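Grab a pencil and have a go at the exercises below. Try each task yourself before you read its solution.

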Amino acid sequence: MASTNNPDFPSDRAQRTTLLTGSAPQDRLNFWALSEHIAYTDIRSIVADYINTTISDPANTERHRWAVEALPPTDAPPNERRLLALTCGTLETLVVTEFTNDEDDSIELEMTVNTALSQDHSGSELDIDTDVVTASKGIYASHDVWSWRIDLGALLTDDSEVDFGIDDDLFDDLAYSLNSTLMADTPDVSGHSGDLAGDLLAEAYRQLRDSDQDSGE
């Protein structure tokens, strides 16, 4: 009678390979590490809303037209690390960065978002500086953008009024316009995390579903 034991797995359960002892690709390990971050659920919620608002058909354009990386590498100082970078085509359009205060180990989170330039604003009007938002014209080899740096902690504080200096719908329109233009090209997916993308899309779906349910009540 043939053995029912699979030769690829130990007969002793204690000797089985676990998620901690087994191997996994680096993009998966980075996503697991990011998911342990104290602010991950809040970051996921904000980025999922960004995906819903500014990317067309995100479930079917993921990897082919946009990509996302957990804990992407950086040449920044030791007290600064990038937690997440979302790329449309060949340009990063959203980046979440963590800054650590060496004196008390406190952290600050900043989100950088690139949008298309507003044709209704002069060069000087592109410069915006508030308590939680700064914006200026950014120049890349392929595109001129309106680059926004946002205090993410302020977005996560219910009693904080975040003023972008422009109408929210205009901000979303400009972000969508840039993303749609960029998505004509295929992104570099060497660091793309399918696990992170799937988690963001699941959260984006939940947000839309809950919004539809609330509007139907």
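Here are three short exercises with worked solutions.

This is a predicted model, where local features need pLDDT of at least 70, side-chain atom pairs count only at pLDDT 80 or more, and totals for chains, interfaces and linings use all residues. Residues are numbered from 1 along each chain as its sequence is written, and side-chain values use heavy atoms, with hydrogens and water left out.

**Exercise 1.** Work out how the span of helix α2 fits the expected value.

Step 1: α2 covers residues 40-54, which makes 15 residues. (Helices are DSSP runs of H or I, at least four residues, numbered from the N terminus.)
Step 2: The expected span is 1.5 Å times one less than the number of residues.
Step 3: From first C-alpha to last, α2 reaches 21 Å, close to the 21 Å expected.

**Exercise 2.** Decide whether Asn 179 is buried or exposed, and find its polar partner.

Step 1: Locate Asn 179 in helix α5, residues 168-182.
Step 2: Asn 179 counts as buried because its relative accessibility is 0%; buried means under 20% relative accessible area, exposed over 50%, partly exposed in between (1.4 Å probe, protein chains only).
Step 3: Its side chain makes a polar contact of 3.1 Å with the side chain of Thr 54. (That's a pair of N or O atoms within 3.5 Å; within protein, one must be able to donate a hydrogen and the other to accept it, and residues adjacent in sequence count only if both atoms are side-chain atoms.)
Step 4: Thr 54 is one of the buried residues of α2.

**Exercise 3.** Find which helix gives the most to the largest nonpolar core.

Step 1: This core has 48 residues, and Ile 43 is among those with the most contacts inside it. (A nonpolar core is a set of buried Ala, Val, Leu, Ile, Met, Phe, Trp, Tyr and Cys residues joined through side-chain atoms within 4.5 Å.)
Step 2: The top contributor is α2, with 6 residues.

How values were computed: Helix = DSSP H or I, 4+ residues; strand = E, 2+ residues; numbered from the N terminus.
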